[in-house]
Amino acid sequence: MNCFSTKAVIQMVVRQYNSSKKNSKPLRNYLKQNSRFLDSLRVHVKAGTGGFGFPKYGGEGGKGGDVSFVATDGMTLKDFLNKYPRKKIQAETGGNSHSRRILGQIGQDKKVNVPIGITVYDDKNVLIGDLNEKDSELIVAKGGEGGKNSNGYCGVKGESRSVKLELKLIADIGLVGFPNAGKSTFLKAISNAKPKIASYPFTTIRPNIGILSYEDLRQISMADLPGLIEGAHCNIGMGHRFLRHVERTKLLLLIVDINGFQLNPKHKFRSCLETIILLNKELELYKEELLDKPAMLLINKMDTEGAKEKYLEIKDQLENLDEALLSFPKEIRPLKSIKFDKIIQISAKNQPDDIKQVKQIVRNLLDINEELSNDVECHPLEDLKEQLRERGPVLL
Ligand SMILES: Nc1nc2c(ncn2[C@@H]2O[C@H](COP(=O)(O)OP(=O)(O)OP(=O)(O)O)[C@@H](O)[C@H]2O)c(=O)[nH]1
């Protein structure tokens, strides 16, 4: 029986991994740019060890610092990763007791900002706790007791473990559009939701959630996120109050009226293309990262008179939104254009076949993006090294 060196085994497994990747179906490139949204992350947390006691004077070492997560408004998992790229968080060790300081200094706690809506699990997927309220705090690794008589004056080790942060999603899909675009009508047609529908803006004043059910029992949730209007970033209308929900969805579904939109006679009329650009800008002004999310565009009310002609007029610009943006005035132009994985024309009110098609496409998009984000999070060599460490040397 041969015993291979660890290096040789790693090389062999990496070769197998690479060749299995070669045989798998190549992923569509145009989607890659949108696969950067993070909704779960594993990190290592290590609390501080307690300081040594001082037996001669019965002195006690300081307690080690705790590691805790604090739910923070406006924080994303990507911000978290930028701050802790090595995914390792450590609190301070407690100070030792000595002749000039009988009670050792307490180790400083490490408080780490995380997004609101995070659930934390340990390495066996057991729930540690939820952080749903702003400023709520959860200790994820407890600092060790300082050394004293009862523990032989040796500081106790701080907890050290791997934890998983999972961003709780309000829904898989977030439906975003200006008032009257047909969000409620669309949600009602595609899901089991029963939202109010009216031909005046702001029928929806809180998110409605519908469930899309498929024949194979798969279920996908969709939230109608209401009340976004031009100037929301200046707190006009309901401002950005509802956009925070968008952060907690996997796929953005923008919906616009092919005939454009005018909030009231005091506001400017905006064409369909302008509403798309304005939605893009409002999302960007709220949080640029939202533009990295997978997104799809629905051009609604295609059953209305002159809709086909209006669509043909803007088709090319829609397909090259980056360039099209340049011809719009600065005040409505976003810095970066949203990349749509799909643009579909529908009639939410009158065309059940359109709805069926969208239902299938959103499912496919969610699946493809899930596959891509698994790819992005995967560090093959590191993972394989870790697996080898766990299994020990392989005997062949
Ligand atoms: N012709 C036509 N009318 C539609 C279509 N979809 C929606 N409508 C109408 O447009 C109006 C607004 O629809 P809603 O579904 O309430 O729009 P909304 O985007 O939910 O509006 P808010 O609740 O204000 O955000 C209603 O009168 C709908 O009947 C469509 O595909 N074709």
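The exercises below, each with a worked solution, concern a predicted model.

**Exercise 1.** Determine in which loop Asn125 lies, and decide whether Asn125 counts as buried or exposed.

*Solution.* Begin with the strands on either side: Asn125 sits in the loop that connects strand S5 (118-121) with strand S6 (127-131). Next, apply the cut-off, by which a residue is exposed if 12 or fewer other C-beta atoms lie within 10 Å of its own. Asn125 counts as exposed because it has 8 C-beta neighbours inside 10 Å. Finally, consider the backbone: most residues other than glycine have a negative phi, whereas phi of Asn125 is positive, near 65°.

**Exercise 2.** Carry out the corresponding analysis for Asp135, stating where Asp135 lies and whether Asp135 counts as buried or exposed.

*Solution.* The loop that holds Asp135 runs between S6 and strand S7 (137-141). Since 10 C-beta neighbours are found inside 10 Å, Asp135 counts as exposed. The backbone again shows a positive phi in a residue other than glycine, with a value near 70° for Asp135.

**Exercise 3.** Describe the open sheet of 5 strands, giving the strand order, the edge strands and the way S5 is joined to strand S8.

*Solution.* Reading across the open sheet, the order is S3-S1-S8-S5-S6, and the pairing is mixed. Strand S3 (88-90) and S6 form the edges, each of them pairing on one side only. From one strand to the next, the twist averages 25°. Turning to a single pair, S5 and strand S8 (residues 160-167) run antiparallel and are joined by 4 bridges. To place this pairing at the residue level, note that Val120 stands opposite Leu165 in S8.

Methods. Residues numbered from 1 in each chain as written. Predicted model: local features only at pLDDT ≥ 70, side-chain atom pairs only at ≥ 80, totals over all residues. Helix = DSSP H or I, 4+ residues; strand = E, 2+ residues; numbered from the N terminus. Buried ≥ 20, exposed ≤ 12 C-beta atoms within 10 Å, placed from the backbone. Pairing = 2+ DSSP bridges. Axes fitted to C-alpha atoms, helices over the stretch in contact; angles between N-to-C directions.
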